[in-house]
Amino acid sequence: MDLLDFNDCKLYFEDPLPAAAEALLALAAREYGEPSAELALLRAHLLAPDNLTVLVGLYRYYFYQHRLEDALQVAERALALSGRQLGLPDDWNQLDENRLGPAAANSFGLLRFHLLALKAASVVLLRLGRIAASRARLIKLAALDSRDQLGAGKLLEVVDEFRGREASTATFPESTLAPA
């Protein structure tokens, strides 16, 4: 399955959004960096709690404000919501190619969003230092995306390279490697 093919598929931001929620998202964008921006996003979320555009706005706000626990919570909410709409299991560990086929037939764009939400959660987990939890998600994504179109495999390589360097530094402290 080509995860970069957007032809003939509806994307999450094409879902209808109540006008009041749309206005609140615009307000949040204009007032980014001000406390009122978060308030506008939260009010939009109250108006449209299941709208993925609102969740993406919240996720980005929290991520770029370095409020990583909040960003993780929103990413997991987006993952659960999109998974439910696709008929996927609640536990991402249970994702496999047999489940992706029917989900892609239901909504390819939403399936891609779902997988990217899983990657987003993984990135946040990396930033939080929860490497094992992040790696588990990246391994799952890499297994599902054999052509690495979502970049999970490349990210996993970087994480593993870093872990390898960290392990070798821990095993051989710098003082033992210095010439006498």
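Start by selecting Gly87 in this predicted model. Gly87 comes right after helix H4, and its phi is positive, near 75 degrees.

Now go back along the chain and pick H4 itself, residues 68-86. Put a distance between its two end C-alpha atoms and you should get 27 Å. That agrees with the expected span, because 19 residues at 1.5 Å a residue should cover 27 Å.

Next, colour the buried residues of H4: Leu68, Ala71, Leu72, Val74, Ala75, Ala78, Leu79, Leu81, Ser82, Gly83 and Leu86. What do these buried residues pack against? Turn the view and you'll find H3, H5 and helix H6 (108-127) there. As you look at the spacing of the picks, keep this in mind: an α-helix has 3.6 residues a turn, so residues three or four places apart point the same way.

Stay with Ala78 for a moment and add Phe113. Phe113 sits in helix H6, and the two C-alpha atoms are 8.8 Å apart even though 35 residues separate the pair in sequence. Is Phe113 buried or exposed? Its relative accessible area is 10%, so Phe113 counts as buried.

Another H4 residue to try is Leu79, this time together with Asp91. Asp91 is in the loop between H4 and helix H5 (97-106). There are 12 residues from one to the other along the chain, and 9.8 Å between their C-alpha atoms. Asp91 has a relative accessible area of 33%, which means it is partly exposed.

Step to the other end of H4 and select His66, in the loop between H3 and H4. His66 isn't a glycine, yet its phi is positive, about 65 degrees. With a relative accessible area of 57%, His66 is exposed.

**On to a pair of helices**

Select helix H2 (residues 35-47) and helix H3 (residues 52-64) together. Their axes are 9 Å apart and the helices pack at an angle of about 155 degrees. H2 and H3 are therefore roughly antiparallel to each other, and their crossing is left-handed.

Show side chains where the two helices touch. On the H2 side, pick Ala37, Glu38, Leu41, Leu42, Ala44 and His45; facing them in H3 are Val54, Leu55, Gly57, Leu58, Tyr61 and Tyr62. Sorted by class, that contact has 9 nonpolar, 2 polar and 1 charged residues.

Keep H2 on screen and bring in helix H1 (residues 19-30). The axes of H1 and H2 come within 8 Å, crossing at roughly 160 degrees. That angle makes H1 roughly antiparallel to H2. This crossing is left-handed.

Which residues meet here? From H1 come Ala20, Ala21, Leu24, Leu25, Leu27 and Ala28, and from H2 come Ala37, Ala40, Leu41, Arg43, Ala44 and Leu47. The contact of H1 with H2 has 11 nonpolar, no polar and 1 charged residues.

Zoom in on Ala37, in helix H2. Ala37 meets H1 residues, and it is also listed in the contact with H3. Its relative accessible area is 0%, so Ala37 is buried. Which residues does Ala37 contact, leaving aside neighbours within four places in sequence? Select Ala28, Glu31, Tyr32 and Tyr61 to see them. For one more distance, try Ala37 and Ala26: they are 11 residues apart along the chain, with 9.4 Å between their C-alpha atoms.

**Further along the chain**

Jump to helix H7 (residues 131-144). Its end C-alpha atoms are 20 Å apart, and this agrees with expectation because 14 residues at 1.5 Å a residue should span 20 Å. Which residues of H7 are buried? Colour Ser134, Arg135, Arg137, Leu138, Lys140, Leu141 and Leu144.

Follow the chain out of H7 and stop at Asp148, in the loop between H7 and helix H8 (152-171). Like His66, which has a positive phi, Asp148 is not a glycine but has a positive phi, about 50 degrees.

**Zoom out**

Finally, show the whole chain as a cartoon. How many helices and strands are there? You should find 9 helices and 0 strands. Of the 180 residues, 41% count as buried. For contacts between residues at least 6 apart in sequence, 62% join residues at least 24 apart.

Technical notes
Residues are numbered from 1 along each chain as its sequence is written. This is a predicted model: local features need pLDDT of at least 70, side-chain atom pairs count only at pLDDT 80 or more; totals for chains, interfaces and linings use all residues. Side-chain values use heavy atoms; hydrogens and water are left out. Helices (H or I, at least four residues) and strands (E, at least two) are DSSP runs, numbered from the N terminus. The expected span of a helix is 1.5 Å times one less than its number of residues. Buried means under 20% relative accessible area, exposed over 50%, partly exposed in between (1.4 Å probe, protein chains only). Axes are lines fitted to C-alpha atoms, for helices over the stretch in contact, and angles run from 0 to 180 degrees between N-to-C directions. Angles under 35 degrees count as roughly parallel, over 145 as roughly antiparallel, 65 to 115 as roughly perpendicular and the rest as oblique. A crossing is left-handed if the near helix is turned anticlockwise from the far one by less than a right angle, and right-handed if clockwise. Contact means heavy atoms within 4.5 Å. Ala, Val, Leu, Ile, Met, Phe, Trp, Tyr, Cys and Pro count as nonpolar, Asp, Glu, Lys and Arg as charged, and the others, Gly among them, as polar.
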